[in-house]
Amino acid sequence: MGHLRKLASLVVAAVALVGMIGAAPASAATGKNGVVESGEFGLYYSTGSSGLVFDLFVSDDNFSNDVFPGTSIGADNNTESYRNRDTFWWHVFTGYGYTGSHGCLPPGHVGNASATYNNTISSAFYASYSC
């Protein structure tokens, strides 16, 4: 009988361990939900980091199929300002697939897009390095 209890204890411990290892940590940020949360990069429809926002948690190589959340307004080539709430640099591009003019936004940066990037951003990725 003692062997059965030991075996049962081992099975319970193994199941608990598998549950802990297999469980993914909850993410504080949810990309493309219209809210720029900690760990995200936001591209805004208007200047002054105001109005509709297209928020990225992961890189996106083609904005052509993206809209500002809750609307039918396309995000591609349609942003005038940005806010980087991530700890990484965000690299923005005027072309799909990370092509065209290339600009970098450091962690914590907030600002309006320059003439080169105003309403022309089509892709973006994050990295631990600047341009």
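The legends below describe close-up views of a predicted model of one protein chain.

**Figure 1. Overall fold of the predicted chain, with 1 helix and 7 strands.** From the N terminus onward, the elements follow the pattern α-β-β-β-β-β-β-β. The chain has 131 residues, of which 32% count as buried. Its accessible surface comes to about 7400 Å², and carbon and sulfur atoms account for 60% of that area. Among contacts with a separation of 6 or more, 60% are between residues 24 or more positions apart.

**Figure 2. The N-terminal segment, residues 1–26, where pLDDT stays under 50.** The model gives this segment 0 contacts beyond four places in sequence. Over the chain, pLDDT averages 86, and 79% of the residues score at least 70.

**Figure 3. The largest nonpolar core, made up of 15 residues.** Phe-41, Leu-43, Phe-54, Leu-56, Phe-63 and Val-92 have the most contacts inside this core. At least two core residues come from each of strand S1 (41–46), strand S2 (50–56) and strand S4 (89–95). In soluble globular proteins, nonpolar side chains tend to be buried together.

**Figure 4. The surroundings of Leu-43, one of the core residues with the most contacts.** With residues up to four places away in sequence left out, Leu-43 touches Leu-52, Val-53, Phe-54, Leu-56, Phe-63, Phe-68, Thr-79, Ser-81, Tyr-82 and Ile-121. Phe-54, Leu-56 and Phe-63, which are among these neighbours, are also listed with the most contacts inside the core.

**Figure 5. The aromatic cluster of Phe-41, Phe-88, Trp-90 and Tyr-126, linked by ring pairs.** The structure holds 8 aromatic pairs. In one of them, the ring centres of Phe-88 and Tyr-126 are 5.2 Å apart and the planes meet at 55 degrees, so the pair is tilted. Phe-88 sits in the loop between strand S3 (81–84) and S4, whereas Tyr-126 belongs to strand S7, so this pair ties together parts 38 residues apart in sequence. Both rings belong to partly exposed residues: Phe-88 has a relative accessible area of 32%, and Tyr-126 has 34%. Phe-41, which also belongs to the cluster, is listed among the core residues with the most contacts.

**Figure 6. The pair formed by Trp-90 and Tyr-126, also tilted.** Tyr-126 is partly exposed, at 34% relative accessibility. Its ring and that of Trp-90 lie 5.6 Å apart, centre to centre, with 50 degrees between the planes. Trp-90 is in strand S4 and Tyr-126 in strand S7, so the pair ties together parts 36 residues apart in sequence. Trp-90 has 0% relative accessibility and counts as buried.

**Figure 7. The disulfide between Cys-104 and Cys-131.** A search of the whole structure finds 1 disulfide. The sulfur atoms of Cys-104 and Cys-131 are 1.8 Å apart. The torsion about their S-S bond is about 105 degrees, so the disulfide is right-handed. Cys-104 lies in strand S5 (residues 99–105), while Cys-131 lies in the segment after strand S7 (123–127); the pair links distant parts of the chain, 27 residues apart. Cys-131 is exposed because its relative accessible area, 59%, is over the 50% cut-off.

Conventions
Residues numbered from 1 in each chain as written. Predicted model: local features only at pLDDT ≥ 70, side-chain atom pairs only at ≥ 80, totals over all residues. Heavy atoms only, no water. Disulfide = S-S within 2.5 Å. Helix = DSSP H or I, 4+ residues; strand = E, 2+ residues; numbered from the N terminus. Buried < 20%, exposed > 50% of the residue type's maximum accessible area, 1.4 Å probe, protein only. Core = buried A, V, L, I, M, F, W, Y, C linked by side-chain atoms within 4.5 Å. Contact = heavy atoms within 4.5 Å. pLDDT = per-residue confidence, 0-100. Areas by Shrake-Rupley, 256 points an atom, 1.4 Å probe, with all protein chains shown as cover. Phe/Tyr/Trp six-rings, centres within 6.5 Å; stacked < 30°, edge-to-face > 60°.
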